[in-house]
There are 2 protein chains.
Amino acid sequence: MFSQTVEYALRAVVYLAGHVGASRTTEQVAKATKVPHAYLAKVLHGLSRAGLVHGQRGRFGGVSLLKTPEEITILEVVKAVDPIRRITSCPLELASHGIRLCPLHRRVDNALALVEDAFRKTTLAEILAEPSESVPLCDFPGRHELEQV
Amino acid sequence: MFSQTVEYALRAVVYLAGHVGASRTTEQVAKATKVPHAYLAKVLHGLSRAGLVHGQRGRFGGVSLLKTPEEITILEVVKAVDPIRRITSCPLELASHGIRLCPLHRRVDNALALVEDAFRKTTLAEILAEPSESVPLCDFPGRHELEQV
DNA sequence: ATCTAAACGGATAGCTTTATCCTGTTCCCA
DNA sequence: TGGGAACAGGATAAAGCTATCCGTTTAGAT
């Protein structure tokens, strides 16, 4: 239901949010998040165009968040790479429906709205702060590095 | 976010729910719901395999609902053609996460659960009964036939 | 200045979804 | 019992998503 791209983008930003300040190479992010690195580069570029991350070229470059984890919501990330297309007008293009959705599409759009709202309310900071057995993206409970090998 | 197939399937069952008892040809359904008829045939076949509709071959055949509109929920229809894949285990296959989702995937899965719940609570009967300016799938407010030409 | 590591960008390939077409099969009716 | 109407199902095609590869550009370090 959510695209692979969304999944990858979320993993990447959560990882970056766990390393604010420092910039990470796409290779590092790819390893830690188990995302194909060539494809991740595209996804990160999308996030860059949306103004969420900054890509620093050249040696010792990498990508880093442009905002604090408190300021970034899941919804922003989703919007950047694969926006939720709300239903704003009748998909059948029935003239008489116009701007008003029929009961069917009203319900479907309401479901989309639920997701949007849930995602709008969740920041990266919340995800990192949540007490949990399993740290986001991390194979080692309680520790916050995957690539310490 | 929802596939085209889901959209088509929902249109079809809502249409059929508006004509309980009688069976309609895929051609009729296709016209009324503005779905490509060859593709709709596949979708309807999927609904048939799921036991939601029955396809009667031969002359004066057609498709009809196997249950009353009160008994069919949107979720059943979605499940039949393109199920919502809930997140049941760590997508990164991190051993330490096991059955327990990390905060990120917990949130994403919660969003999926919201949609499932909303769809589980909605029956076709409700959609048809809802007082609205615009009748489902119908271009003529207050009337319930599109193909009266 | 040169070397090197990194993001950037385009070209390409495979897979899945969406869509079409055509043939077969079934069923009712005359 | 033959014919037509309708679903069933396979083959095929178009489009989008996912993924890979490779050359280019950039920037820092030496």
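This is a short tour of a predicted model, one selection at a time.

Before you start, note that residues are numbered from 1 along each chain as its sequence is written, while chains are lettered from A and ligands numbered from 1 in the order in which they are written. Because the model is predicted, local features need pLDDT of at least 70 and side-chain atom pairs count only at pLDDT 80 or more, while totals for chains, interfaces and linings use all residues.

**Stop 1: chain A as a whole**

Select chain A and show it as a cartoon. You should find six helices and two strands, in the order α-α-α-β-β-α-α-α along the sequence. Helices here are DSSP runs of H or I with at least four residues, strands are runs of E with at least two, and both are numbered from the N terminus. Of the 149 residues in chain A, 38% are buried. A residue is buried if 20 or more other C-beta atoms lie within 10 Å of its own, exposed if 12 or fewer, and partly exposed in between, with C-beta atoms placed from the backbone. Among the contacts in chain A with a separation of 6 or more, 61% join residues 24 or more positions apart. Two residues are in contact if their C-beta atoms, placed from the backbone, lie within 7 Å.

**Stop 2: helix 1 against helix 4 in chain A**

Now select residues 4-17 of chain A, which form helix 1, and residues 74-81, which form helix 4. Their axes come within 9 Å and cross at roughly 130°, so helix 1 is oblique to helix 4. Axes are lines fitted to C-alpha atoms, for helices over the stretch in contact, and angles run from 0 to 180 degrees between N-to-C directions. Angles under 35 degrees count as roughly parallel, over 145 as roughly antiparallel, 65 to 115 as roughly perpendicular and the rest as oblique.

Show side chains next. From helix 1, T5(A), V6(A), A9(A), L10(A) and V13(A) meet I74(A), V77(A), V78(A), A80(A) and V81(A) of helix 4. By class, this contact has nine nonpolar, one polar and no charged residues. Nonpolar covers Ala, Val, Leu, Ile, Met, Phe, Trp, Tyr, Cys and Pro; charged covers Asp, Glu, Lys and Arg; the others, Gly among them, are polar.

**Stop 3: helix 2 and helix 3 in chain A**

Move on to helix 2 (26-33) and helix 3 (37-49) of chain A. How far apart are the axes of helix 2 and helix 3 of chain A? They lie 9 Å apart, at an angle of about 110°, and the two helices are therefore roughly perpendicular to each other. To see the contact, pick T26(A), E27(A), V29(A) and A30(A) on helix 2 and H37(A), L40(A), A41(A) and L44(A) on helix 3. This contact divides into five nonpolar, two polar and one charged residues.

Within helix 2, T26(A), V29(A), A30(A), A32(A) and T33(A) are buried, and their cover includes helix 1, helix 3 and strand 2 of chain A. Next, click on K34(A), in the loop between helix 2 and helix 3. K34(A) has a positive phi of about 60° although it is not a glycine. Most residues other than glycine have a negative phi. K34(A) is partly exposed, with 16 other C-beta atoms within 10 Å.

**Stop 4: over to chain B**

In helix 2 of chain B, select the buried residues T26(B), V29(B), A30(B), A32(B) and T33(B). These pack against helix 1, helix 3 and strand 2 of chain B. K34(B), which follows helix 2, has a positive phi near 60°. Then find F60(B), in the loop between strand 1 (53-56) and strand 2 of chain B. F60(B) also has a positive phi of about 60°, and with 7 C-beta neighbours inside 10 Å it counts as exposed.

**Stop 5: the DNA strands**

Turn on DNA strand D and the 25 residues around it. The nearest are S3(A), Q4(A), P36(A), G58(A) and G55(B). A residue is near a strand if its C-beta atom, placed from the backbone, lies within 6 Å of it. Which helix gives the most to the surface near DNA strand D? Helix 3 of chain B does, with four residues. That surface has seven nonpolar, twelve polar and six charged residues.

Finish with DNA strand C, where 26 residues are around the strand and G55(A), S3(B), Q4(B), P36(B) and G58(B) come nearest. Here helix 3 of chain A gives the most, again four residues. The surface near DNA strand C divides into seven nonpolar, 13 polar and six charged residues.
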